[in-house]
Amino acid sequence: MHALAPGARIVRGRSGESRWELATRPPAPRLRPYLRDFSGYTEETPGPLRRREFPMPQVVVIIEFGPPVRVFDAGSERLPSRYPGGFVAGIDDTFTITEHDGLQRGLQVNLTPIGARLFFGVPMAELTGRVVSARDLLPRKHARLAERLEELPTWDARFDLVERALGERLDEARIETGVVSWAFRRIEERGGAVDMRALARELGYSQKHVIDLFRDSVGVPPKLLARLVRFDRLVQHLKAGASGTWAELAQRFGYYDQAHLARDVKQFTGTTPTRARAELIELAGLSP
């Protein structure tokens with residue numbers, strides 16, 4: 001018998017003429033190695049709104065119930081695309097710009113790379129640096145997932161359906177990811193501060209073979225994953241409103257020095273650390 005999941009937490013806010021609603025709920029315990037988090041959202045603004053999305057060590061699935069947002073080419077503010085019904089974004093090493101015309105509504109599911117490998121059944125290297133229509137990628141059994149989610153009356157019912165779909169795919173999966181899952185956890189536990197030669201020795205494989213395993217199950221080599229994990233720790237720290245000089249933050253999160261931190265932030269965000277911090281603080285205002 002499965003334990004009942006806690007009810008969704010729903011937070012609503014208003015800023016001037018803009019209004020938003022955000023629903024969140026912790027994933028079921030057995031799914032946490034595969035599902036980082038999920039959230040439902042509605043946002044209404046008086047005009048178009050553009051955001052810079054930073055890369056993270058996860059695969060993002062967006063199921064849209066409203067007009068499709070525009071998604072720009074990675075690292076660019078040109079060549080936008082729309083994906084009616086939603087999209088899947090693989091791991092990347094640079095920012096992505098999204099934009100809507102005043103309304104967006106849907107569900108965001110943040111899968112771990114291993115979770116995405118098992119759910120979609122394709123090598124993660126096929127998604128690296130790409131955004132793909134969710135309808136083109138969803139397994140046949142779940143081809144109508146977006147429609148079914150939109151028809152449900154509550155966020156809790158939608159979260160339940162996402163968990164059931166992911167759980168079914170995990171039970172059906174015959175893909176071996178144990179080695180990479182262990183290495184992925186090690187990298188996360190150490191905040192990205194992992195020597196790659198030592199990691200390969202612990203796994204008992206050559207560095208080349210470890211890289212090949214990561215490209216299949218994660219989409220990027222372990223060294224880039226470690227950099228993204230470290231950057232994500234920094235991002236979560238700043239979103240929480242924590243203080244600290246850039247030199248202090250560099251030392252805290254395992255960068256060689258402030259210049260090293262600045263180079264990574266510039267690559268991943270396309271802007272300066274100071275501007276990136278301001279955008280994160282602004283974004284944190286929409287979080288519960």
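## Reading the cavities

Reader: Which classes make up the lining of the largest cavity?

Author: The lining holds 12 nonpolar, no polar and no charged residues. Here Ala, Val, Leu, Ile, Met, Phe, Trp, Tyr, Cys and Pro count as nonpolar, Asp, Glu, Lys and Arg as charged, and the others, Gly among them, as polar. The model is predicted: local features need pLDDT of at least 70 and side-chain atom pairs count only at pLDDT 80 or more, while totals for chains, interfaces and linings use all residues. Residues are numbered from 1 along each chain as its sequence is written, and side-chain values use heavy atoms, without hydrogens and water.

Reader: How many cavities of 30 Å³ or more does the search find?

Author: A cavity is a set of points, on a 1 Å grid over the protein atoms alone, where a 1.4 Å probe fits but cannot get out; lining residues have an atom within 4 Å of a point. Points are joined across faces, edges and corners, and a volume is the space filled by probe spheres set on them. The whole structure has 2 such cavities of 30 Å³ or more, and the largest encloses about 130 Å³.

Reader: Which helix gives the largest share of that lining?

Author: Helices (H or I, at least four residues) and strands (E, at least two) are DSSP runs, numbered from the N terminus. H4 gives the largest share, 3 residues. Strands S5 (59–64) and S10 (103–111) are among the elements supplying at least two each.

Reader: What is the volume of the second largest cavity?

Author: About 50 Å³. Its lining has 10 nonpolar, 1 polar and 1 charged residues, with Thr269 and Arg277 among the lining residues.

Note on methods. 1 Å grid on protein atoms, 1.4 Å probe; cavity = no way out; pocket = protein on both sides within 12 Å on 5 of 7 lines; lining within 4 Å.
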